[in-house]
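Visitor: I would like a close look at one part of this protein, the part where its nonpolar side chains gather. Could you take me through it step by step?

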Amino acid sequence: MSNDTRTVTGVAELCALPPVDKWQILDALGAAADEFGLNHRTLAVLRALISFLPQREIRAERHSTIVFPSNRSLSDRLHGMPESTLRRHLARLVELGVVSRHDSANRKRFARRAAAVAYGFDLSPLAVHADHITTTARDAQTLALTCQALRDEIAALRRALLDHGIAADDAALHVCRQHLRRKLSQHQLCDLRDQLQHRLMQLQQPAQITSKLSARN
């Protein structure tokens with residue numbers, strides 16, 4: 001996968017990796033979707049692929065966990081997604097290394113149960129990279145909580161400024177309201193919070209009264 005994932009190549013190493021729960025790893029990948037360049041429609045296609053896996057666990061051994069639904073079956077499970085759109089999202093999953101292809105000679109997807117051979121989409125990369133996916137998801141969730149806390153703090157500061165008599169149509173508060181409608185980075189949120197804090201501190205400082213000295217004094 002992308003995002004600096006370590007590559008596991010040895011057969012012994014792959015066999016030593018534990019299987020993963022297919023729905024748990026999908027949830028983790030969804031939490032870290034932005035980090036891996038996935039959008040909600042590509043994740044929906046991955047969910048549809050995983051739904052064709054009868055067992056709950058995905059194993060790390062190559063070609064050990066292959067699903068082979070037709071494009072029509074996938075499209076039906078995705079509420080009629082056009083085949084051209086479906087192919088594009090499948091290609092994106094392969095490009096990112098989330099799944100891999102195990103094609104037959106004619107690129108058809110099928111299984112020969114007697115020979116224990118299947119051709120289709122291999123889900124084993126999800127188990128191979130499970131540690132990286134879960135760690136990235138945990139970091140993404142922590143960042144999301146941090147950013148939400150910053151947004152709450154900014155909203156409280158904005159209310160405090162209004163309570164101190166700042167007009168609702170004040171330029172700074174207007175910019176603040178516009179920014180909060182967008183998805184801001186942690187750094188941008190910190191900058192916005194610091195600006196509002198500085199403005200509030202200025203309002204809270206007592207007015208300095210200076211005595212006017214006469215020329216005689």
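Visitor: Which residues in the largest nonpolar core touch the most other members?

Guide: Happy to show you around, and please keep in mind that this is a predicted model. The largest nonpolar core has 37 residues, and those that touch the most other members are L29, L38, L46, I58, L93, V98 and L126. Several helices feed this core: helix 2 (22-31), helix 3 (33-36), helix 4 (40-51), helix 6, helix 7 (124-128) and helix 8 (130-163) each supply at least two residues. The biggest contribution comes from helix 4, which gives six residues.

L38 is a good place to begin. Leaving out residues up to four places away in sequence, L38 touches L29, A33, L43, L93 and L96. Two of these partners, L29 and L93, are themselves on the list of residues that touch the most other core members.

Now to helix 4 itself. Helix 4 has twelve residues, and from its first C-alpha to its last it reaches 16 Å, close to the 16 Å expected at 1.5 Å a residue. Its buried residues are T42, L43, V45, L46, A48, L49 and I50. At the start of this helix, the backbone nitrogen of R41 has a side-chain oxygen of N39 within 3.1 Å.

Helix 6 is the next stop, covering residues 83-96. Its end C-alpha atoms are 20 Å apart, which agrees with the 20 Å that its 14 residues should span at 1.5 Å a residue. Buried here are T85, L86, H89, L90, L93 and L96. Looking down the axis of helix 6, you find these buried residues within an arc of 135°, so they line one face of the helix. The spacing is worth a thought: an α-helix has 3.6 residues a turn, so residues three or four places apart point the same way. Just after helix 6 comes G97, with a positive phi of about 85°.

One buried residue of helix 6 deserves a pause, and that is H89. H89 has a relative accessibility of 6%, and it counts as buried because that is under 20%. Its side chain makes a polar contact of 2.9 Å with the side chain of T42, and T42 is one of the buried residues of helix 4. Setting aside neighbours within four places in sequence, H89 is in contact with N39, R41, T42, V45 and M81. N39 and R41 are the pair we met at the start of helix 4.

On the way into helix 6, you can also look at H79, in the loop between helix 5 (71-77) and helix 6. H79 is exposed, with a relative accessible area of 77%. It has a positive phi of about 60° although it is not a glycine. For comparison, most residues other than glycine have a negative phi.

Finally, a step back. Apart from the largest core lies another, of 13 residues, including C147, I154, L157 and L189. The protein chain as a whole comes to ten helices and six strands, and buried residues make up 38% of its 217 residues. Among contacts between residues at least 6 apart in sequence, 70% join residues at least 24 apart.

Conventions:
Residues are numbered from 1 along each chain as its sequence is written. This is a predicted model: local features need pLDDT of at least 70, side-chain atom pairs count only at pLDDT 80 or more; totals for chains, interfaces and linings use all residues. Side-chain values use heavy atoms; hydrogens and water are left out. Helices (H or I, at least four residues) and strands (E, at least two) are DSSP runs, numbered from the N terminus. Buried means under 20% relative accessible area, exposed over 50%, partly exposed in between (1.4 Å probe, protein chains only). A polar contact is a pair of N or O atoms within 3.5 Å; within protein, one must be able to donate a hydrogen and the other to accept it, and residues adjacent in sequence count only if both atoms are side-chain atoms. Contact means heavy atoms within 4.5 Å. A nonpolar core is a set of buried Ala, Val, Leu, Ile, Met, Phe, Trp, Tyr and Cys residues joined through side-chain atoms within 4.5 Å. The expected span of a helix is 1.5 Å times one less than its number of residues. The arc is that of the directions from the helix axis to the C-beta atoms.
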